[in-house]
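The following exercises ask the reader to work from a structure to short, reasoned statements about its strands, core and backbone. Each task is followed by a worked solution.

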Amino acid sequence: MSTSASAPPVLELDHVDAAYGPFRALFDVSLSIGPGAAVALVGANGAGKSTIARVATGLLPPSNGTVRIDGSDLTDRPTFEFARAGVAHAPEGRSTFATLTVNENLELAFRAARPKRDIAADLDSAYTLFPKLGDRKGQLAGTLSGGEQRMLALARVLVLRPRLLVADELSLGLAPIVTAEVYRVLAQVRSAGTALLVVEQHLDHALALADRVVVIQQGEIAFDGPPDQLGDLSANVLLPAGSPSRANPPACQP
Ligand SMILES: Nc1ncnc2c1ncn2[C@@H]1O[C@H](COP(=O)(O)OP(=O)(O)O)[C@@H](O)[C@H]1O
Ligand SMILES: [Mg+2]
């Protein structure tokens, strides 16, 4: 996907702080993702990755700073306005209806998003993206494997062609072959124009997909640049700060 130099970023966090009550989780985070670009957001458990995902999708208003989607200031706006602007959130976990079939889960999502449209084409796209779901159309979502449930949750949002997909720990608990399948689909939606913010603890897939990697440590951005400049940090980003085996991180890029 070509990006226009004049187009504003799809997502722009500008000097964002965020807190849970008295606990401050993000400190002066600035991060932008251009149209169709892919950013891997990595860091140790508790570093603030999911908090950035929540701020980027409108679930958590920042305590300071600005959130823009396609140049529009959506700071403090409700989540549905982010969704309407094309921001999709694939949260950690499953987020499907266990007692509905695969087909019913997809129909519900597509009808809610486009009440006036014939959704047959949407269903076809979902099963083209994830052929395994097509084999399980009539099966109750609650009886799917963890990987199939993750695919179903993704299909519900991806068929709607979001401007930005914020995906949080997609590979968590998945078998390697399923993770590879999920990342194959992410690469596909990205080449169709969706920008990606991919939160991962497993670096390999995320770094292969992303053109930029952002490392977060204790609520602050420690690195923002191309994956091949990550250097020694790549071995250490998943260790908690202060760990004896952590190398000195390189300075943040300007
Ligand atoms: N709902 C919450 N209430 C209070 N503190 C939270 C909440 N969610 C996360 N935190 C804290 O904020 C920090 C960042 O958490 P999070 O963004 O979930 O980290 P990550 O996704 O990188 O593992 C952690 O110290 C975590 O304990
Ligand atoms: Mg998290």
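## Exercise 1: Strand β9 and its partners

V39 stands opposite R212 in β9. The model examined here is a predicted one.

Task: Determine which strands pair with β9, in which sense, and how far β9 is covered.

Solution.

1. Begin with the pair to which V39 and R212 belong. Strand β3, residues 38-42, runs parallel to β9, and four bridges link the two.
2. Turn to strand β10, residues 220-225. Its pairing with β9 is antiparallel and comprises five bridges. Within this pairing, V215 has F223 in β10 as its bridge partner.
3. Inspect the connection between β9 and β10. The two strands form a hairpin with two residues between them. In that turn, Q218 shows a positive phi of about 45°.
4. Assess burial. β9 spans residues 212-217, and five of its six residues are buried, so the strand is mostly covered.

## Exercise 2: The largest nonpolar core

Task: Identify the residues that touch the most other members of the largest nonpolar core, and state where the core draws its residues from.

Solution.

1. The core holds 71 residues; V39, L41, A155, L165, L197 and V198 touch the most other members.
2. Helix α6, residues 146-158, supplies the largest share of this core, with seven residues.
3. The core draws at least three residues from each of domain 1 (1-86 + 164-171 + 181-234) and domain 2 (94-161).
4. Take L197 as a worked case. Leaving aside residues up to four places away in sequence, L197 touches L11, I33, V39, L41, A56, L164 and V166.
5. As general background, nonpolar side chains in soluble globular proteins tend to be buried together.

## Exercise 3: Two aspartates with positive phi

Task: Locate D70 and D76 and decide for each whether the residue is buried, partly exposed or exposed.

Solution.

1. Recall that most residues other than glycine have a negative phi. D70, although not a glycine, has a positive phi of about 50°. For D76 the value is likewise positive, near 70°.
2. Place each residue. D70 lies in the loop between β4 (64-69) and β5 (72-73), and D76 in the loop between β5 and α2 (79-84).
3. Apply the cut-offs: 20 or more neighbouring C-beta atoms within 10 Å for buried, 12 or fewer for exposed, and partly exposed in between.
4. D70 has 18 C-beta neighbours inside 10 Å and therefore counts as partly exposed. D76 has 10 other C-beta atoms within 10 Å and is therefore exposed.

Key
Residues are numbered from 1 along each chain as its sequence is written. Chains are lettered from A and ligands numbered from 1 in the order in which they are written. This is a predicted model: local features need pLDDT of at least 70, side-chain atom pairs count only at pLDDT 80 or more; totals for chains, interfaces and linings use all residues. Two strands pair if DSSP finds at least two bridges between them. A nonpolar core is a set of buried Ala, Val, Leu, Ile, Met, Phe, Trp, Tyr and Cys residues joined through C-beta atoms within 7 Å. Domain bounds come from an automatic or database domain assignment. Two residues are in contact if their C-beta atoms, placed from the backbone, lie within 7 Å.
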